[in-house]
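Please load the model in your viewer and keep a selection panel at hand. The tour below goes from one selection to the next and says what is there.

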Amino acid sequence: MFSSTFSITVTAIAFGVVFLAELPDKTALAGLMLGTRYRASYVFVGVAAAFAVHVTLAIAAGSVLTLLPHRLVQAFVGVLFLAGAAMLLLKKSDGDEEVKAPADQSFWKVSGAGFMLILVAEFGDLTQIMTANLAARYDNPLSVGLGAVLALWAVAGIGILGGKTLMKYVPLRLITKVAAGVMAALAVFSLYEAIAG
């Protein structure tokens with residue numbers, strides 16, 4: 001049975017982990033490309049809706065994990081966090097990917113293109129897996145879901161409105177290393193709980 005109470009701490013943790021993991025990802029670059037060609041608000045609506053779908057799916061998956069024995073879940077979550085940290089450190093840059101966008105500037109065409117791009121590109125992505133892990137770890141789908149969706153929306157907004165400017169001041173490698181470090185710390189904590197449990 002999951003906790004239905006809201007926790008600002010869990011929301012903040014989910015926000016931080018997902019934000020740091022998503023910032024160096026292809027989504028910010030895709031949002032930037034679409035945002036430079038089309039009305040930013042139209043792009044954001046589509047991207048935000050796709051992220052809401054992804055977070056809902058991840059929370060559902062994480063909630064299913066909570067039905068398993070606690071020590072087993074903590075061990076599983078710890079291993080996945082370690083894998084996530086390794087993926088961040090080892091993955092190649094997605095900066096060369098081309099984003100197809102609609103020729104029509106209407107709200108439905110532009111937001112639909114943003115929605116489909118994120119829906120397809122982010123399915124099974126690291127942040128979706130991390131959101132499921134956090135939902136299983138904290139057994140608080142409301143707080144984790146809110147933190148994750150706000151983080152994804154923030155990254156999308158940054159990408160759409162000014163990703164290139166941010167990257168001039170904050171090196172992408174630093175963001176990636178910080179995100180990997182946070183995930184590694186969560187992995188150690190989860191594995192410790194699994195062993196000490």
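Select Phe15 and Phe19, which both lie in helix H1, 4 residues apart, or about one turn of the helix; helices here are DSSP runs of H or I with at least four residues, strands are runs of E with at least two, and both are numbered from the N terminus. This is a predicted model, in which local features need pLDDT of at least 70 and side-chain atom pairs count only at pLDDT 80 or more, while totals for chains, interfaces and linings use all residues. Residues are numbered from 1 along each chain as its sequence is written, and side-chain values use heavy atoms, with hydrogens and water left out.

How do the two rings sit relative to each other, stacked or edge-to-face? Rings of Phe, Tyr and Trp (for Trp, the six-membered ring) pair if their centres lie within 6.5 Å, and planes under 30 degrees apart count as stacked, over 60 as edge-to-face and the rest as tilted. By this rule the count comes to 3 aromatic pairs. The ring centres of Phe15 and Phe19 are 5.5 Å apart and their planes are at 10°, so the pair is stacked. With buried defined as under 20% relative accessible area, exposed as over 50% and partly exposed as in between (1.4 Å probe, protein chains only), Phe15 counts as partly exposed at 30%, whereas Phe19 counts as buried at 17%.

Next, select Tyr42 and Phe107, whose aromatic pair is edge-to-face, with 5.2 Å centre to centre and 90° between the planes. This pair links distant parts of the chain, since Tyr42 belongs to helix H3 (residues 40-65) and Phe107 to helix H5, 65 residues apart. Phe107 has a relative accessibility of 27% and therefore counts as partly exposed. Adding Trp108 to the selection completes one aromatic cluster of Tyr42, Phe107 and Trp108.

Stay in helix H5 (residues 107-121) and select Ser111, which is buried because its relative accessible area is 5%. Which residues does Ser111 touch, leaving aside its neighbours within four places in sequence? With contact taken as heavy atoms within 4.5 Å, Ser111 meets Tyr42, Val45 and Gly46.

Move along helix H3 to Phe44, a partly exposed residue with a relative accessible area of 30%. The C-alpha atoms of Phe44 and Gly114 are separated by 7.4 Å, although the two residues are 70 apart along the chain. Once neighbours within four places in sequence are left aside, Phe44 is in contact with Trp153, Ala156, Gly157 and Ile160.

From that list, follow Trp153, which is found in helix H7 and is partly exposed at 31% relative accessibility. Now select Phe6, Ile8, Phe15, Leu142, Leu146, Leu150 and Trp153 together, as they make a nonpolar surface patch of about 620 Å². Helix H1 (8-22) and helix H7 (141-169) are the elements that give two or more residues to this patch, and H7 gives the most, with 4 residues. Such patches are made of residues with over 30% relative accessible area and no salt bridge, like charges being joined within 9 Å and nonpolar side chains (Val, Leu, Ile, Met, Phe, Trp, Tyr) within 5 Å; a salt bridge is a side-chain nitrogen of Lys or Arg within 4 Å of a carboxyl oxygen of Asp or Glu.

Return to helix H1 and select Glu22, which counts as buried at 0% relative accessibility. Its side chain makes a polar contact of 2.8 Å with the side chain of Thr127.

For the last residue, select Leu186 in helix H8 (residues 172-196), which at 10% relative accessibility counts as buried. Leu186 touches Val17, Phe81, Leu134 and Tyr138, not counting residues up to four places away in sequence. Its C-alpha atom is 9.9 Å from that of Val79, with the two positions 107 residues apart in sequence terms.Polar contacts, such as the one just shown for Glu22 and Thr127, are pairs of N or O atoms within 3.5 Å; within protein, one atom must be able to donate a hydrogen and the other to accept it, and residues adjacent in sequence count only if both atoms are side-chain atoms.

Finally, zoom out to the whole protein, which has 8 helices and 0 strands and, of its 197 residues, 45% that count as buried. Among contacts between residues at least 6 apart in sequence, 93% join residues at least 24 apart. The accessible surface comes to about 9900 Å², of which 72% belongs to carbon and sulfur atoms; accessible areas come from the Shrake-Rupley method with a 1.4 Å probe, and for residues only the protein chains shown count as cover.
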